[in-house]
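Please consider the sequence and model shown here. The explanation proceeds from the nonpolar interior to the pairing of strands.

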Amino acid sequence: MSARMRKDERAPAPASATAGRDVVSFHPSGPLRGSVRVPGDKSITQRALLIGAVCDGPVEIVEPAWGGDPLATAGMVQALGVAVDGLAGRESRAHVHGVGLHGLRAPGGPLDARNSGTGMRLLAGLLAGQRGRFVVDGDESLRRRPMDRIVAPLRAMGARITAREGRYAPLTIEGEPLRAARHELPVASAQVKSCLLLAGLLAEGETVIVEPAASRDHTERLLAAAGAAVTRRGGEIAVRGAERLTLDRVVVPGDLSSAAFLVAAALLVPGSHLRIENVGLNPTRLGFCEAARRMGGRVVWNATAGEGGEPRGEIEVRASALHGTTITGSHVPALIDEVTLVALLACHAEGTTTIEGVSELRAKESDRLAAIVEIVAALGGMAESRGDALIVAGRPLRGGALSSRGDHRLALLGAVAGLVCPEGVSVSGFAVADVSFPGFAGLLSEVIGR
């Protein structure tokens, strides 16, 4: 039997959790069993909103994610003069009424990206070539995240863009005609790459981005589906300036990063056997499942369909005895959002696990690298950061309390850890989990002890 929470439903705490004021405590549970679906992919939803906004005519988005980040991006799109239907009721189908590549209008005040780094960085690429003056701001957390990584390459394309102290939001953009450029990224980043690809649509000539390692490629796939001239040549991605984009609809699969929390729980809770249906299986996002399998995890996946260039299918996972491994930096871009979960698996594995090339985690919603080390220690484990590597000893966690630090992935990490820690885990600030996985607690209750 398949279970899925409606996106606008606030779920009760499951049998394995108790809730207090802004604190949810998770306790050891029975096995996770059955079939389940997770909310739509927020990365694809945000890209569909932004690319749909500059298409000619309406674009239908089927099963969009309506967590905090996509809602922030949708709000910015609306403020730019683009009608978006389906927001009020967070419906299962939305329609973005595109205004064309050069049709975005300067609003009367700042655009609010809230906590969405994806929304801010990708939108900056589109605004750099529009007519008018735009200010893009965000919440306190987003204002601490570095934006110079897009400011400098956009300036190389002729953009007039400034940032607070040269590297932080708010960003101020004075739209200018853009010129194509070649960009060699020092760090693999899907957000920076996507920003420059979107700016490249508005530039004359061919814009080329060189990645040190492959990052998630949802933007390239959506642009190609919309008729843009996007090509990949080894480690280079190129896009030519476009005159128009057209896209009938985008069908959003389940979010693989959200599914990863259930995969981790099923691997660790004895007796679990879980199937996750209709989930995105983009090869550039499978890093966590591949790492779990290298650690001895019984995880299999099968792509059964694909629409708009995005493969989807089913993941099947069973409780497993795990062992340590080494993950090199070239594999990290495909699991950058799941390093928290690799660390959790490593605590309950035999031996030591080393994850190299994770310095990018310091620029997430929190300093996620430092947070992982501190949380593992607080819950009774052993971890350390050494240079750009995270090293975790195989020492089962006993439980305790942690703060989400305003980071949705840390909140969800605490929830999964609580299912296997003898003393449970209390998570303060758990409400932030709705940014990426609204209804997580209720969904969990539907698969525990079936």
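The paragraphs below describe a predicted model.

In soluble globular proteins, nonpolar side chains tend to be buried together. In this model, the largest nonpolar core comprises 81 residues, and the members that touch the most others are Leu-262, Ile-276, Leu-390, Phe-430 and Phe-440. Helix α7, spanning residues 256-268, gives the most to this core, with 11 residues. Beyond its neighbours within four places in sequence, Leu-262 is in contact with nine residues that include Leu-32, Val-36, Ile-276, Phe-440, Leu-443 and Leu-444. A second, separate core holds 70 residues, among them Leu-50, Leu-87, Ala-94 and Ala-228.

Helix α12 (residues 440-447) is mostly covered, with six of its eight residues buried. These are Phe-440, Ala-441, Gly-442, Leu-443, Leu-444 and Val-447.

Strand β7 (residues 93-99) shows an alternating arrangement: Ala-94, Val-96 and Gly-98 point to one face and are buried, whereas Arg-93, His-95, His-97 and Val-99 point to the other and are not. In a regular strand the side chains alternate between the two faces of the sheet. Strand β5 (residues 56-62) pairs with β7 in the antiparallel sense over seven bridges, and Val-59 stands opposite Val-96. Strand β6 (residues 83-85) also runs antiparallel to β7, joined to it by three bridges, and here Val-84 stands opposite Val-96.

Ala-377 belongs to helix α10 (residues 368-378). Its relative accessible area is 47%, so Ala-377 counts as partly exposed. Ala-377 and Leu-397 are 20 residues apart in sequence, and their C-alpha atoms are 8.7 Å apart in space.

Technical notes. Residues numbered from 1 in each chain as written. Predicted model: local features only at pLDDT ≥ 70, side-chain atom pairs only at ≥ 80, totals over all residues. Heavy atoms only, no water. Buried < 20%, exposed > 50% of the residue type's maximum accessible area, 1.4 Å probe, protein only. Helix = DSSP H or I, 4+ residues; strand = E, 2+ residues; numbered from the N terminus. Core = buried A, V, L, I, M, F, W, Y, C linked by side-chain atoms within 4.5 Å. Contact = heavy atoms within 4.5 Å. Pairing = 2+ DSSP bridges.
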